[in-house]
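Please open the structure in your viewer and keep the sequence beside it. The stops below say what to select and what is there.

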Amino acid sequence: RRRHTRYISGTGVQTFALPICVLTRQLAQRLPEGSYIVATDLNAPMLAVAQHLGTARPVRWQVADALHLPFDAASFDLVVCQFGVMFFGDRPAGYAEVRRVLRPGGTWLFNAWDALEHNEFPATVMQALRPLYPVDPPSFMERLPHGYHDAAQIRADLAAAGFSAPAQVETVAWRSRAATPDRKSTRLNSSHTDISRMPSSA
């Protein structure tokens, strides 16, 4: 039968079109030929850039809000979100939407950055910025991109969304490298990533 794969890249708060394109291209290359892939993001310009960069085979590109997915219930076998759940305004609500669109036995797979101290590049940036703002130092990186890494909290949010099967949480240490500092400044450091895998049936 025709298989459906749903890929979520985030909620439009991210500032690069690259994440959605990178993962979608990998899915297009690795999934069985008969798979149906829908790549979504809340940010239409981000989605347009990703579509322009292209994939190895046809993909459906669609603007969508992760908290209000425009898809029928039980319509996908796999939902994947790359570095987006940290930006969900209501994570249990977003996870409940994922659970709604998953077929029985489907899989919810997502990742999130670990704590700031485990990510050298953004941590260095924040160390440089704090002395410049001693009264009100910036805290965005700690609060959002690197603020959702506690496995117990992740499991609690999944349970609140109605997932009953135990989540598989894995911490992956990965250090990105660039040929020059200039190139490094244009890339996201990818060290220490929390990955959660949640089957929809329990």
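Among the contacts in the protein chain with a separation of 6 or more, what percentage is accounted for by residues 24 or more positions apart? The figure is 73%. The model is a predicted one.

**The whole chain**

Start with everything displayed. The protein chain has seven helices and seven strands. Read from the N terminus, the order of elements is β-α-β-α-β-β-α-β-α-α-α-β-α-β. Of its 202 residues, 45% count as buried. Switch on the surface: the chain exposes about 10600 Å², and carbon and sulfur atoms supply 56% of that area.

**Strands β2 and β3**

Select residues 35-41, which form strand β2, together with residues 60-63, which form strand β3. The two strands pair in the parallel sense, over four bridges. Now follow the chain from β2 through helix α2 (residues 44-53) to β3; this β-α-β crossover is right-handed. To check the register, pick Ala-39, which stands opposite Trp-61 in β3, and then Thr-40, which stands opposite Gln-62 in β3. Colour β2 by accessibility and it shows as mostly covered, with six of its seven residues buried.

**Helix α2**

Stay with the connecting helix and show its side chains. Which residues of α2 are buried? They are Met-46, Leu-47 and Ala-50. Turn the view so that you look down the axis of α2: the buried residues fall within an arc of 95 degrees, so they line one face of the helix. On the face turned away from this buried side, select Pro-45 and His-52, which are exposed.

**Arg-57**

Next, go to the loop between α2 and β3 and select Arg-57. Is Arg-57 buried or exposed? Its relative accessibility is 10%, and because the cut-off for buried is under 20%, Arg-57 counts as buried. Display its surroundings. Leaving aside neighbours within four places in sequence, Arg-57 is in contact with Leu-27, Ala-28, Leu-31, Pro-32, Glu-33, Ser-35 and Ile-37. Draw a distance from the C-alpha atom of Arg-57 to that of Ala-28: the separation is 6.2 Å, although the two residues are 29 apart along the chain.

**Two loop residues with positive phi**

Most residues other than glycine have a negative phi. The next two selections depart from that pattern. Select Ala-74, in the loop between β3 and β4. Its phi is near 55 degrees, a positive value in a residue other than glycine. Ala-74 is partly exposed, with a relative accessible area of 37%.

Then move to Phe-83, in the loop between β4 and α3. Phe-83 is not a glycine either, yet it has a positive phi of about 50 degrees. With a relative accessible area of 14%, Phe-83 is buried.

**The nonpolar cores**

In soluble globular proteins, nonpolar side chains tend to be buried together. Which residues touch the most other members of the largest nonpolar core? Select Val-85, Met-86, Tyr-95, Trp-108, Phe-110, Leu-158 and Phe-163, which do so in a core of 26 residues. Elements that each supply at least two residues of this core are β4 (76-82), α3 (91-101), β5 (102-113) and α6. The largest share, five residues, comes from β5.

Keep Tyr-95 selected and show what surrounds it. Apart from neighbours within four places in sequence, Tyr-95 is in contact with Val-85, Phe-88, Trp-108, Phe-110, Tyr-148, Asp-157, Leu-158, Ala-161 and Phe-163. Then look for a second, separate core of 14 residues; Ile-37, Ala-39, Leu-47 and Val-80 are among them.

**Helix α6**

For the last stop, select residues 151-160, helix α6. Ile-154, Asp-157 and Leu-158 are buried here. Viewed down the axis of α6, the buried residues fall within an arc of 100 degrees, so they line one face of the helix. The face turned away from that buried side carries Ala-152 and Ala-160, which are exposed. Finish with Gly-162, which follows α6 and has a positive phi, near 105 degrees.

How values were computed
Residues numbered from 1 in each chain as written. Predicted model: local features only at pLDDT ≥ 70, side-chain atom pairs only at ≥ 80, totals over all residues. Heavy atoms only, no water. Buried < 20%, exposed > 50% of the residue type's maximum accessible area, 1.4 Å probe, protein only. Arc of directions from axis to C-beta. Pairing = 2+ DSSP bridges. Right-handed = clockwise from strand over helix to strand, strands pointing away. Contact = heavy atoms within 4.5 Å. Areas by Shrake-Rupley, 256 points an atom, 1.4 Å probe, with all protein chains shown as cover. Core = buried A, V, L, I, M, F, W, Y, C linked by side-chain atoms within 4.5 Å.
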